[in-house]
Amino acid sequence: MSTKDEKNLTQVIEKISKMQEPQRAVMQRVHDIIMAAAPTLKPRIWYGMPAYAKTASTPALVTLRNDERMNLAITEKAAFRPAGGVNGTLMPAAWYFETVDDETEKLIAGIVRSVVD
């Protein structure tokens, strides 16, 4: 019998595998980036889409969506920090993407790490 974490991971992989190309490949890459950047996060389905939380039964901190556009979002359950600089007190919470290049991969990894640090 699988653990809850294993079942949740399987559900996330299945959800991604059912997406249409080229989004499927991009979402799989982003899933891999998230898992490498924050291996302590637990994948799970949150409101029908892949998400990542501190435990299998706590609210998601990071979500992936594939609606009209793919996006990475930090949920309201994560600790937010004001952006500072020219963005002042705005708190970034979502990023849309169509592809993931090496620079975007680094940015995604940094965003995810900021949620668990």
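**Notebook: helix α3 and the five-stranded sheet**

I looked up the buried residues of α3 (under 20% relative accessible area with a 1.4 Å probe, protein chains only) and found I108, A109, I111, V112 and V115. They lie on the same side of α3 because they cover an arc of only 160° around the axis, taken from the directions from the helix axis to the C-beta atoms.

This is a predicted model, in which local features need pLDDT of at least 70 and side-chain atom pairs count only at pLDDT 80 or more, while totals for chains, interfaces and linings use all residues. Residues are numbered from 1 along each chain as its sequence is written, and side-chain values use heavy atoms, without hydrogens and water.

I then turned to the other side of α3, where D102, K106 and L107 are exposed (over 50% relative accessible area).

Next I asked what the buried residues of α3 pack against. I noted α2 (23-37), β3 (60-66), β4 (70-74) and β5 (94-97), with contact meaning heavy atoms within 4.5 Å. I recorded that α3 lies across β3, β4 and β5, at about 25° to β4; axes are lines fitted to C-alpha atoms, for helices over the stretch in contact, and angles run from 0 to 180 degrees between N-to-C directions.

For the sheet, I read the order β1-β2-β3-β4-β5, open and with antiparallel pairing (pairing requires at least two DSSP bridges between two strands). The edge strands are β1 and β5, each pairing on one side only.

Finally, I checked β3 and β4, which pair over five bridges; V62 has I74 in β4 as its bridge partner.

Notes. Helices (H or I, at least four residues) and strands (E, at least two) are DSSP runs, numbered from the N terminus.
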